[in-house]
Structure formats: C-alpha cells, structure tokens
Amino acid sequence: MSVNGSLEAFRREGRIVVVGASLAGLRAAETLRAEGFRGTLTMIGDEPHEPYDRPPLSKQVLLGLVPPDHTALPRRRAVDARWRLGTAATGLDPAAKQVTLADGDTVAYDRLLIATGVRSRPWPNELESDLDGVFVLRTRDHAARLHHRLSAGPRRVLVIGAGFTGSEIASACRGRGLPVTVAERGPAPLVGALGGVIGEVAAELQRAHGVDLRCGVQVTGLEGDPAGRVRRAHFSDGTAVEAEVVVVCLGATRNTEWLAGSGLGAGPRGIACDAGCRAFDVRGIVTDDVFVAGDVARSPHPLFGYQFLSLEHWGNAVAQAETAAHNMISASADRRPHLWMPSFWSAQFGVNIKSVGVPPMADQLLVTQGSLADHRFTAVYGHQGRVIAATTFDQGKWLEFYERQIERAAPFPPEFPTVDRRPEGLHPVPAGFPDPSLPSHGPTVTLSGHSPADRRLTFTPRRA
C-alpha cells in the first residue's frame with residue numbers, strides 16, 4: 001500500500017472519542033459514519049441520557065405540551081458507538097492520548113472531539129441554592145423537576161435573570177396562569193443579547209402579559225422556612241417578594257474545568273480552536289488530533305474581524321460538529337473552515353424573536369421594517385459603518401435578506417428605502433448595549449478577543 005493509501009486508511013479507521021453526548025456530539029458521530037469512518041467510536045457523557053434537544057425544555061416541556069423524556073434527538077443514521085453515559089470526563093492527557101473518567105477508567109483515542117457544552121450557573125450562596133424550590137434549567141432532569149413543581153400551582157414564581165432562558169421560563173409560567181416576578185440587574189430584559197432599544201420592547205411584552213418585571217435590581221438573598229423550603233427573596237432596593245419557586249437564570253459556565261493541566265487553550269471563555277475546529281494549546285500552537293465543537297468552542301470568524309466567537313446556538317452546534325467531524329478524517333487539502341453565520345430564535349409571550357449576525361458588536365441600530373410600538377419589526381445593527389446583525393419580532397421573513405447584507409459587509413445605515421418604514425426608522429439610534437466588562441444574563445454570542453489562549457505567557461530572553 002502507498003503512503004497516501006496508508007494515511008487514508010488511518011483516517012478512516014483507528015479510535016475516535018467524543019466527549020459530550022450532546023447535540024454537537026451526536027451530529028459529529030453521524031457525520032463521521034456518513035463520511036466513511038470505520039473505526040471505533042466512543043461517546044462519553046456525564047448525563048445518563050442519550051442526546052436530547054434542549055430548546056423545548058424551557059418552552060414545550062414547562063408548558064406540559066411535551067414530556068421531558070420525549071425530547072430525544074432524532075437519529076439521522078446509526079452511529080455504531082460505544083456509549084459511556086452517566087460518567088463525566090475528569091482529565092485529559094494529550095501526550096498519552098487518554099481521557100480519564102470519573103469512575104477511574106481511561107479511554108484511549110487517536111483523535112478526540114470535545115463537545116462538552118455549558119452548564120447553568122448556580123445561585124452563588126450554596127446554602128440558599130440548596131433550599132427546596134430553588135431550580136436551574138439546563139438538563140432534561142432539571143426540566144422534569146421544574147415542570148412537576150409548576151404543575152403543583154405555586155403561589156408565585158421568581159425568575160432571577162431576564163436573558164432568553166429566564167424570559168422563556170417567565171413566558172411559560174404566564175402561559176400556565178402562574179404569577180411570576182422577574183428580577184433583572186440590567187435595565188431591561190435581553191439587554192445583553194439585543195441591546196437596550198430592543199430590551200425596552202421585551203420589557204413592554206412582559207408587563208403586557210402580567211409579569212411583575214423588576215429591572216435594575218439584584219437579588220441579595222433567598223430566605224427559607226424552618227422546613228428548608230424557599231419562601232422569600234430580598235432585593236437590592238430594599239424590597240422583598242414571597243415566592244415558592246425560584247428559577248436561577250444567571251447565564252452559563254463552559255465545561256472546561258476537566259481540562260486543567262492538559263495544556264489546551266481552555267478556560268472560562270471556552271476552548272480556543274482554529275477555523276477548522278482544531279484546538280489550540282496554551283502556547284497558541286494548533287493541535288492536529290484534538291477538535292472542538294458546539295457551545296464550548298471559541299473560534300475566529302472573518303466576518304467579525306477574526307475575533308474569537310463563543311456561540312450558544314443550536315444551529316452553530318450542528319454546523320460546527322459536522323465541520324469538525326469532516327476535518328477529523330480528511331486530508332489537509334480536503335478540510336474546510338467553519339464559517340457559520342450566527343443565528344438564533346426564541347418564542348416568548350406569543351412573539352417569535354429571530355436574529356442573525358452578532359448584535360452585541362453593534363453601536364447603532366435602525367428599525368427598517370415595522371414598528372417597535374407594534375412589537376412587530378425588523379431592526380438592523382451597525383458597527384463602523386457596516387451591517388453586522390439583524391433582529392426580527394414576528395418578521396422572520398426578512399432575515400435571509402439581511403444575512404446577505406452582513407455577508408457582503410453592506411453599508412450601515414442601509415442605503416435602500418423600505419415600504420413600511422415608520423418615523424422611528426428614519427435615523428439610526430444607539431443600540432444600547434451595556435458595558436461589555438460588566439456581567440450580563442443575556443448574550444448568546446460572546447466576543448472574546450483574538451488570543452487563542454486564556455493564559456498569559458511571559459517571555460524571558462536567555463542571557464548571553
């Protein structure tokens with residue numbers, strides 16, 4: 001067999017390990033098999049369940065429309081994998097090419113895909129977070145427990161954080177007729193993801209649907225009764241609210257702690273990788289046998305100044321997983337970059353919210369179709385004189401058009417007139433994003449600079 005033939009056989013055989021039995025992990029496994037990988041495929045997941053769909057958890061599951069165990073992801077093809085479920089990965093030794101598991105076992109690999117995603121950030125006071133009735137929502141088991149508690153008809157639900165997850169949970173509570181209070185430390189819901197102008201529209205929506213929305217406040221403490229059940233929350237403005245259920249929606253933490261000491265460029269912002277999904281080490285050197293995909297990845301994008309983007313988007317997880325899997329078993333000349341256009345959607349309070357591009361990068365906004373007052377509009381975001389994002393409320397038909405404008409770096413404000421532009425859309429206004437150095441509950445896209453590693457190396461020249 002020729003050298004090229006041997007390399008081709010190696011790429012199609014050997015041992016591939018996927019850490020993360022997630023949407024990204026499953027789609028990568030399916031792509032590997034579809035493109036001819038014949039070797040051993042091992043799927044490692046910390047949950048006992050095979051991969052399931054997360055978006056329905058804060059929508060259909062909480063409304064009681066879909067049982068939690070009916071959220072399994074459809075299989076596009078058989079993956080013929082060895083499943084190691086319910087056992088988390090706790091360490092990685094790239095030199096030995098081994099993953100260590102929580103039960104002490106090790107799994108050897110020739111190539112590794114990391115798709116460990118994110119987890120919900122818990123309430124910071126451990127004693128308070130252990131009170132009966134305090135929840136987070138990220139997993140299927142979380143959704144099952146929260147649905148059960150909401151079905152019991154609590155007198156009031158408190159949602160801490162008005163990002164997308166918190167807002168969708170509040171919407172589900174109102175859909176069930178439950179009184180709900182939302183506490184948001186920012187000036188409006190969704191402000192970290194869509195800016196203050198759109199955030200004010202989201203605030204109007206919540207209040208119009210009966211939400212007790214309190215912005216510009218922080219929850220300073222949760223109080224329980226003698227039986228250990230949550231009963232009251234105290235706010236930074238001196239007020240308090242009685243609540244039998246508290247849902248903590250303070251954003252996500254990327255699952256990278258298990259990589260400490262591995263030498264990979266991994267940290268709180270995710271795992272840095274190149275456009276081909278290959279992980280960087282802490283020196284900024286790209287690896288060739290460790291790949292990354294999904295919410296845990298940080299990768300550069302040419303449309304956004306080659307900044308590293310961390311995306312908590314369903315579509316990105318699928319596209320990046322497919323690219324990573326293809327590149328894992330392809331020759332260098334056949335590899336392709338991951339250049340997916342960021343996009344997401346949310347359904348809350350009877351409105352479909354959709355977006356493309358990177359809104360938090362913007363400094364200006366223009367309403368190009370519809371009206372903010374009608375809660376039905378298209379808003380276009382600008383940065384340094386070019387279109388970099390668009391968001392729609394019940395006008396998703398326009399997104400494909402604005403996606404093309406982003407791809408061609410169209411000028412901002414848009415040069416074309418529109419048939420239904422109102423007076424509010426005649427001139428750009430500040431987009432109203434908060435100071436990026438301050439924490440926010442809302443972003444689903446995080447710009448994390450140009451460095452491929454979180455560590456800072458000090459260069460000490462050798463003395464002559």
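Which residues are buried in helix 5? That's a handy way into this structure, which is a predicted model. The answer is R140, H142, A143, L146 and L150. Around the helix axis they take up an arc of only 150 degrees, so they end up on the same side of helix 5. And what do they pack against? The partners of these buried residues are helix 3 (60–63), strand 9 (134–135), strand 10 (157–160), helix 6 (164–175) and strand 16 (245–248).

The length of helix 5 checks out too. Helix 5 covers residues 140–151, twelve residues, and at 1.5 Å a residue it should span 16 Å; the C-alpha atoms at its ends are 16 Å apart, which agrees. After the helix comes G153, and the phi of G153 is positive, near 75 degrees.

Now zoom out to the whole chain. You're looking at ten helices and 30 strands. Of the 464 residues in the protein chain, 54% are buried. If you take the contacts with a separation of 6 or more, 67% of them come from residues 24 or more positions apart. As for the outside, the chain exposes about 19,900 Å², and carbon and sulfur atoms supply 51% of that.

Next, the charged side chains. How many salt bridges does a search of the whole structure find? It turns up 26. One of them pairs E13 with R38, with 3.4 Å between the closest N and O atoms. E13 sits in the loop between helix 1 (3–12) and strand 1 (15–19), while R38 sits in the loop between helix 2 (23–34) and strand 2 (40–45), so this pair ties together parts that are 25 residues apart in sequence. E13 has 38% relative accessibility and therefore counts as partly exposed. R38, at 55%, is exposed, because the cut-off for that label is over 50%.

Another salt bridge joins E47 and R54, where the closest N and O atoms are 3.3 Å apart. Here the acid is the buried partner, since E47 has a relative accessibility of 15% and buried means under 20%. R54 comes in at 25%, so R54 is partly exposed.

A third example is E312 with R254, whose side chains meet in a salt bridge at 3.4 Å, N to O. This pair links distant parts of the chain: E312 is in the loop between strand 23 (308–311) and helix 9 (314–328), R254 is in strand 17 (residues 252–254), and the two are 58 residues apart. E312, with 26% relative accessibility, counts as partly exposed. What about R254, buried or exposed? R254 is buried, with a relative accessible area of 7%. Salt bridges can also share partners, and in this way R27, E30, R76 and E322 are joined into one network.

Finally, have a look at P428. You'll find P428 in the loop between helix 10 (399–407) and strand 29 (429–430). Its relative accessibility is 27%, so P428 counts as partly exposed. Which residues does P428 touch, leaving aside neighbours within four places in sequence? They are Q364, L365, L366, F412 and P413. G382 lies 46 residues away from P428 along the chain, yet the C-alpha atoms of the two are separated by 8.7 Å.

Notes:
Residues numbered from 1 in each chain as written. Predicted model: local features only at pLDDT ≥ 70, side-chain atom pairs only at ≥ 80, totals over all residues. Heavy atoms only, no water. Helix = DSSP H or I, 4+ residues; strand = E, 2+ residues; numbered from the N terminus. Buried < 20%, exposed > 50% of the residue type's maximum accessible area, 1.4 Å probe, protein only. Contact = heavy atoms within 4.5 Å. Salt bridge = Lys/Arg side-chain N within 4 Å of Asp/Glu carboxyl O. Areas by Shrake-Rupley, 256 points an atom, 1.4 Å probe, with all protein chains shown as cover. Expected span 1.5 Å × (residues − 1). Arc of directions from axis to C-beta.
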